[in-house]
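Colleague: I should like to understand how the descriptive terms are justified here. May we go through them one by one?

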Amino acid sequence: MFHTADAKDIIEGKITDVYFERTLKILKAKKINPVVKAEFIAKSLPDEWQWAVLAGMEEVSYLLKNLPVKARALREGTVFNPYEPVMEIEGRYQDFCVFETALLGLMCQASGVATKATRFKRLAGERPVISFGARRMHPVLAPMIERNAYIGGCDGVAVVKSGEVIGEDPMGTMPHALIICMGSTVEAIRAYDEVLEPKFKRVALIDTFLDEKFEALNVADAMGDKLFAIRLDTPSSRRGDFYRILEEVRWELDLRGYENIKLFVSGGIKEHDLPVLNEFVDAYGIGTSISNAPVVDFSMDIMEVEGNPLAKRGKCSGGKRVLRCKKCNSPLIVPNNNKKHKCRCGGAFNDILNPFISNGKILQKPLPAREIRSFVLKQTGKLEI
Ligand SMILES: [Zn+2]
């Protein structure tokens with residue numbers, strides 16, 4: 001069997017830290033069940049990120065709609081800052097206390113993956129970024145990870161099931177295994193061309209047996225205009241100066257009239273590689289860097305009890321409005337009863353923490369992955385990395 005929970009376990013509250021179960025038992029025995037407001041906040045972001053992208057909210061709504069609670073939330077894909085409440089749940093504490101672990105898990109990992117994907121997409125500019133990292137994670141998580149990589153800004157996903165989840169065709173080239181089974185890189189790309197439908201672009205992987213420069217020319221000569229791109233996945237032990245390898249391959253191809261053949265790279269690419277390699281790269285396959293993205297450490301804290309502000313040390317009490325200036329995009333957090341509607345710049349504020357769920361009804365209709373992705377890229381186009 002797989003060591004994973006299924007949807008039923010999560011909905012029944014079995015994915016909970018045991019101290020919540022014990023808390024529930026005590027509160028029931030003592031007949032204490034106050035109406036509380038609890039909010040979800042990240043006090044800091046990993047890797048010195050200045051902002052992050054909220055993700056996982058469609059799954060959160062799937063869990064919350066079973067509970068007799070109300071919630072407000074930022075729209076999935078919203079860029080948020082440390083200390084900004086991204087969700088607030090209001091209800092009797094006993095009704096949702098055992099779901100804290102699962103709710104946080106749904107938001108923390110998804111938001112980390114989406115943010116990392118956004119950062120790669122920003123650094124890559126117009127060059128496509130494809131999610132290649134499913135293989136580094138438990139397969140049960142692959143569609144979740146790739147869905148969030150896509151909404152964060154990846155142009156495509158590699159896994160078949162992930163493609164179904166986001167409603168897009170999966171993308172891929174060829175594995176080293178095909179070349180090894182065929183016996184040569186040229187035979188592999190010829191077979192690829194012969195067998196697969198023309199809609200799949202002809203991309204030859206060239207680091208299996210021989211030097212990248214000579215293999216690039218071999219496949220270019222064999223395929224001519226039919227070759228769309230060459231993928232370099234050069235092993236790290238041979239990589240040396242990857243920039244120089246790419247420069248040389250580009251030079252040799254151009255010299256022979258193969259300016260149209262694009263260069264794709266994959267294999268352990270990190271954020272700091274992109275500004276260096278962008279000069280020669282036309283598309284990236286990004287694996288572990290995105291699929292194993294650091295999580296956003298959200299926590300859930302009660303900040304109001306029976307209508308009275310009450311929060312633990314280190315937390316501002318009371319319900320809050322989360323605002324964004326329509327003109328200058330400045331963020332502001334004010335208490336719920338503060339009617340502020342104008343920014344210092346004179347622009348009007350938008351409330352972005354809005355009704356999300358009310359007693360089983362989802363009030364923010366989940367958007368298609370493609371629309372969330374556009375929303376993310378629109379907000380992050382000018383933000384600093
Ligand atoms: Zn403003």
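**Terms and their grounds**

Modeller: Strand S9 (residues 229-232) and strand S10 (residues 262-266) pair in the parallel sense over four bridges. This is a predicted model, in which local features need pLDDT of at least 70 and side-chain atom pairs count only at pLDDT 80 or more, while totals for chains, interfaces and linings use all residues. Residues are numbered from 1 along each chain as its sequence is written.

Colleague: What makes S9 and S10 a pair?

Modeller: Strands pair if DSSP finds at least two bridges between them, and S9 and S10 have four. One bridge sets Arg 231 opposite Phe 264 of S10. Phe 264 also has Ala 283 as its bridge partner in S11; S10 and strand S11 (residues 283-286) are parallel, with three bridges.

Colleague: How do you know that H2 is a helix, and what span does it reach?

Modeller: A helix is a DSSP run of H or I with at least four residues, a strand a run of E with at least two, both numbered from the N terminus. Helix H2 (residues 18-29) has twelve residues. From first C-alpha to last it reaches 17 Å, close to the expected 16 Å, where the expected span is 1.5 Å times one less than the number of residues.

Colleague: Why is H2 said to lie largely in the open?

Modeller: A residue is buried if 20 or more other C-beta atoms, placed from the backbone, lie within 10 Å of its own, exposed if 12 or fewer do, and partly exposed in between. The number of buried residues in H2 is zero out of twelve, so H2 lies largely in the open.

Colleague: What makes strand S1 mostly covered?

Modeller: In S1 (residues 35-42), seven of the eight residues are buried. S1 pairs in the antiparallel sense with strand S5 (residues 87-92) over six bridges, and Val 36 has Gly 91 as its partner in S5. Seven bridges join S1 to strand S12 (residues 298-305), also running antiparallel; there Ile 41 stands opposite Ser 299.

Colleague: Why is H5 called oblique to H6?

Modeller: Helix H5 (residues 100-124) and helix H6 (residues 142-152) pack at about 40 degrees, with axes 7 Å apart. The axes are lines fitted to C-alpha atoms over the stretch in contact, and angles run from 0 to 180 degrees between N-to-C directions. Angles under 35 degrees count as roughly parallel, over 145 as roughly antiparallel, 65 to 115 as roughly perpendicular and the rest as oblique; therefore H5 is oblique to H6.
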